[in-house]
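Biologist: Please take a close look at one part of this model, the surroundings of a single histidine, and set that part against the chain as a whole.

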Amino acid sequence: MNSRYFTEEHELFRKSFQEFLQKEVVPHIEKWEKTGTIERFIWKKFGDMGYFGLNYPEQYGGLNLDVFYTVIFLEELQKINSGGFAAAMWAHAYLAMTHVAKEGDEAIKEKYLAGSISGDLIGCLCISEPSGGSDVAGMRTTAVKKGDKYILNGSKTFITNGVYSDYLVVAAKTNPELKGKGMSIFIVDRDTPGISATKLDKLGWRASDTAEIAFDNVEVPAAHLMGEEGKGFPYIMQHFAFERLIMGINAHARAEFALDYTLKYMSEREAFGSTIDKFQALRHRIADMASEVEMAKEFNYSIAERMERGVYVVKEASMSKLLSTKIADQVIYDCLQFLGGYGYMEDYPLARLSRDSRLGPIGGGTSEILREIIAKMVIDKKEYKPAAK
């Protein structure tokens, strides 16, 4: 227990969440990994336990707890070996719901935020496009004002919960000639005519439904504009810092899980008359790996603490995702090697873990894009500011 960041109450929460996951989630993981569909009942169970409301206001059913409850939530989801299940949960709770909580008006929050916290509604965030990827400002989806409605046209891709969610938080150009400054955010009901979703077939994250979504003359009530028209880009950028930190925390947690599993395996696996955890070549590599994971973890905790104090941590969060995902991939790659032939078998956790981890340096902003953002801040002294309230 790291007493600087975690209290006894935090650790009690961690233990109870671990028990919940083992009892309610783990027995279903293999089925969900095979079908690519997470059954609806588990969302409601998460909602009933308050897990979707950890950092949200009490007036909507949330618990209004500090950020380290969220850190625990993210860490423990990485340790049941289904990156897809974890992604479905945190994409709902922290991608879709963050926008609803921050930009939604009272009516939207009472319906969509409260419903999301209770587990009755599932959300997804639609930003990436087939032609754009990390180039958010270059998006082509448009929302044209027509009377008391916006007409939404375009497509999104790589959307977690994109098939089975009840509502979509969608970024679209309301004033295309202004590029990044002409973007707005909308909340759109799934059953609105003109929305179609195609499930994508992925290397990893098999349990989650990832979709390409098309909008064909979708009519969105003007009241479903979230925040101010034209402020979508700064809203998205503001929340990207949190998303990157989430992915950094996920990375250190899955690397820690891989190490713990591998150490147990090494303590039991014998070769040449002793367990393989006695071989110096392996011991020294483990020492390097454990040191890197510990550094990433401490860095991520320190960023979470600063974010909790209201510091705009866009540079540090970008660094967190860049380095933590790189470390996790290398650690998991090496852990698989330490298992020898068993590492390559689907019956052992490292095969799935290595596939699931590989998305880390890609999703939520590729490592290449993050390097450019960090370079702008470090070399060009560019300053990014949060969206004006």
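Modeller: What follows describes the histidine, then two cysteines and a loop proline, and then the whole chain.

The model is predicted. The histidine is H92, which lies in helix α4, a helix that runs over residues 83-103. Is H92 buried or exposed? H92 has 0% relative accessibility, so it counts as buried, the cut-off for that class being under 20%. Leaving aside residues up to four places away in sequence, H92 touches W43, F52, M97, S116, L121, I122, G123, N161 and Y167. Contact here requires heavy atoms within 4.5 Å. As for L125, it is 33 residues from H92 along the chain, and the two C-alpha atoms are separated by 8.0 Å.

The cysteines come next. C126 also has 0% relative accessibility and therefore counts as buried. Which cysteine sulfur is closest to that of C126? It is the sulfur of C124, at 3.8 Å, and this is too far for a bond, because a disulfide needs the two sulfur atoms within 2.5 Å. The structure as a whole holds zero disulfides. C335 is another buried cysteine, with a relative accessibility of 0%.

For contrast, consider a residue in a loop. P193 is found between β5 (183-189) and β6 (195-199). With a relative accessible area of 64%, P193 is exposed, since that class begins over 50%. Between the C-alpha atoms of P193 and G61 there are 30 Å, with 132 residues separating the pair along the chain.

Now the chain as a whole. The chain has 10 helices and 10 strands. Its radius of gyration is 21 Å, close to the 21 Å given by the globule rule for 389 residues, so the chain is as compact as a globular protein of that length. The C-alpha trace spans about 80 × 50 × 40 Å along its principal axes. Of the 389 residues, 53% are buried, and H92 is in that class. Among contacts with a separation of 6 or more, 74% join residues 24 or more positions apart.

On the surface, the chain exposes about 17600 Å², and 54% of this comes from carbon and sulfur atoms. The chain carries 48 positive and 54 negative charges, and the mean positions of the two sets are 4 Å apart.

Notes:
Residues are numbered from 1 along each chain as its sequence is written. This is a predicted model: local features need pLDDT of at least 70, side-chain atom pairs count only at pLDDT 80 or more; totals for chains, interfaces and linings use all residues. Side-chain values use heavy atoms; hydrogens and water are left out. Helices (H or I, at least four residues) and strands (E, at least two) are DSSP runs, numbered from the N terminus. The radius of gyration is taken over C-alpha atoms; the globule rule is 2.2 Å times the number of residues to the power 0.38. Buried means under 20% relative accessible area, exposed over 50%, partly exposed in between (1.4 Å probe, protein chains only). Accessible areas come from the Shrake-Rupley method with a 1.4 Å probe; for residues, only the protein chains shown count as cover. Lys and Arg count as positive and Asp and Glu as negative; His and the chain ends are not counted. The place of a charge is taken as NZ of Lys, CZ of Arg, CG of Asp or CD of Glu.
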